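Thanks for coming, everyone. Let me put the structure on the screen, and then we will walk through it piece by piece.

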Amino acid sequence: MKDLKDKVGVVTGGASGIGFGIAGALADAGAHVVIADIRGEKAAQAAGELAKRGVRTSSVACDVSDRSAVERLADHAWSEFGHVDLIFNNAGIMSGVGPLIDAKEEDFRWHLEVNVLGVWHGCAVFGKRFQEQGTPAHIVNTGSEHSLYAAHPFGGCYTASKHAILALSDVLRLELPDFIQVSILCPGLVSTELVRSGEIRPDRFGGPEQIDEAVAEGSALNLGMRPEDIGKRAIKGVLRGDFYIVTHPHNRPYIEDRYNEIRNAFETQAPPFEGDEQYDMRKVIEKMLEGL
Ligand SMILES: NC(=O)c1ccc[n+]([C@@H]2O[C@H](COP(=O)([O-])OP(=O)(O)OC[C@H]3O[C@@H](n4cnc5c(N)ncnc54)[C@H](O)[C@@H]3O)[C@@H](O)[C@H]2O)c1
């Protein structure tokens, strides 16, 4: 998509942080914006704020972990604007910092339901409608540097959930028609309210968490990049058609370390041999599909 003027973008988790940054960059590019967030009132305020930039905006209270709520979000967006061109599956949470072997199961489930199922709901619900609509469309999933390597210890549930977003984004781009592009946004530290996620933890995952103000204020997140800059980079990535949208250059050597470790494992344990391609799953499946 080379021009976003009068396109329509839906941003989940758009009431604050990176989502609001993306929504602002969309509006600056001339796109109309639907802000969806579990915090409906905050989403309405955010939409009101953006409307001052001269585009049409709308807001919806939506819990992305509930598929029917995401269907209602799509119904709203299409009935309000007639078409939708971009979905940013950005809503996410982070909590329960500590050793992975001590993680609470309910906390892990919360990460999976919001960060993974929530993103998949957006991909599935909007992806189907984009296919029916038949016009150029773009799905942008907010992953993280944690999608690309284990950035640090003591955030295992979060890291696992963000790796899953890379996996499902990568599969989607193999499966969807060319007119629907897919990207994964992989920021590092950004100054947002993510550290306060526990305040909105639903009862089924243990209920709201009292956030220690000293911890929240001392959080490394406060040292991060500005969400509006991440939003601008996300939109640049969309306009360029990038799959990986990256923002923090310090990540690169860590990712190269991971790649080098895997490459070395192949060199020492699994060197090429005559006929090894017969086990190439991608080629095997391609052949099977050709035969259908
Ligand atoms: N802040 C960072 O350093 C950083 C880095 C990389 C990736 N991310 C990712 O960016 C995304 C946005 O996070 P942020 O840092 O802007 O934090 P944030 O807390 O400021 O924004 C997240 C938004 O998502 C909403 N939300 C939470 N659960 C929801 C649900 N079930 N349904 C709908 N909305 C929900 C929140 O109300 C909030 O408005 C997340 O996916 C996060 O994992 C953040």
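**A walk through the strands, helices and ligand shell**

Strand β6, residues 180-186, pairs with strand β7, residues 244-246, in the parallel sense, and three bridges link them. Look at leucine 185 here. Across from leucine 185, in β7, stands isoleucine 245. Before going on, a word of caution: this is a predicted model.

Stay with β6. How many of its residues are buried? Seven of the seven, so β6 is largely enclosed by the rest of the structure. Its side chains go two ways. Ile180, Val182, Ile184 and Cys186 point one way. Gln181, Ser183 and Leu185 point the other way. Both sets are buried.

Now β6 has another partner. Six bridges join β5 to β6, and the two run parallel. One pair to find on screen: histidine 138 has glutamine 181 in β6 as its bridge partner. Add helix α5 and you get a unit. β5, α5 and β6 form a right-handed β-α-β unit.

On the way from β5 to α5 there is a loop. β5 covers 137-142, and α5 covers 156-175. Phenylalanine 154 sits in the loop between them. Its phi is positive, near 75°, and this is a residue other than glycine. Is phenylalanine 154 buried, exposed or partly exposed? It has 13 other C-beta atoms within 10 Å, so it is partly exposed.

Let's move to β1, residues 8-12. Five of its five residues are buried, so β1 too is largely enclosed by the rest of the structure. Both of its faces are covered. Val8, Val10 and Thr12 are buried on one side. Gly9 and Val11 are buried on the other.

Which strands does β1 pair with? One is β2, residues 32-37, in the parallel sense, over five bridges. Here threonine 12 has alanine 36 of β2 as its bridge partner. Another is β4, residues 86-89, again parallel, with three bridges. There, valine 11 has phenylalanine 88 of β4 as its bridge partner.

Zoom in on threonine 12. It lies in β1. It has 31 C-beta neighbours inside 10 Å, and therefore counts as buried. Now find asparagine 90. In sequence, threonine 12 and asparagine 90 are 78 residues apart. In space, their C-alpha atoms are 5.2 Å apart.

Just before β1 comes a segment that holds aspartate 6. Aspartate 6 has a positive phi of about 65°, although it is not a glycine. With 13 C-beta neighbours inside 10 Å, aspartate 6 counts as partly exposed.

Next, helix α1. β1, α1 and β2 make a right-handed β-α-β unit. Does the length of α1 fit? Its twelve residues should span 16 Å at 1.5 Å a residue, and its end C-alpha atoms are 17 Å apart, which agrees. α1 is mostly covered, with eleven of its twelve residues buried. Among them are Gly17, Ile18, Phe20 and Leu26.

That brings us to the ligand. Which residues come nearest to it? Of the 34 around it, those are Gly13, Gly17, Ala91, Gly92 and Thr192. The elements giving two or more residues to this shell are α1 and α4. The largest share, three residues, comes from α1. By class, the shell has 16 nonpolar, 14 polar and four charged residues.

So, α4. This helix covers residues 105-133, 29 residues in total. From first C-alpha to last it reaches 40 Å, close to the 42 Å expected at 1.5 Å a residue. Where does α4 bend? At leucine 117, by about 35°. Just after α4 comes glycine 134, with a positive phi of about 75°.

Last stop: helix α8, residues 251-269, where glutamate 261 has its place. Glutamate 261 has 9 other C-beta atoms within 10 Å, so it is exposed. Compare it with phenylalanine 154 from earlier. Those two are 107 residues apart in sequence, and 22 Å apart in space, C-alpha to C-alpha.

That is the tour. I am happy to go back to any part of it.

Terms used
Residues are numbered from 1 along each chain as its sequence is written. This is a predicted model: local features need pLDDT of at least 70, side-chain atom pairs count only at pLDDT 80 or more; totals for chains, interfaces and linings use all residues. Helices (H or I, at least four residues) and strands (E, at least two) are DSSP runs, numbered from the N terminus. The expected span of a helix is 1.5 Å times one less than its number of residues. The bend at a residue is the angle between axes fitted to the seven residues ending there and the seven starting there. A residue is near a molecule or strand if its C-beta atom, placed from the backbone, lies within 6 Å of it. Ala, Val, Leu, Ile, Met, Phe, Trp, Tyr, Cys and Pro count as nonpolar, Asp, Glu, Lys and Arg as charged, and the others, Gly among them, as polar. A residue is buried if 20 or more other C-beta atoms lie within 10 Å of its own, exposed if 12 or fewer, and partly exposed in between; C-beta atoms are placed from the backbone. Two strands pair if DSSP finds at least two bridges between them. A crossover is right-handed if, with the strands pointing away from the viewer, the path from the first strand over the helix to the second runs clockwise.
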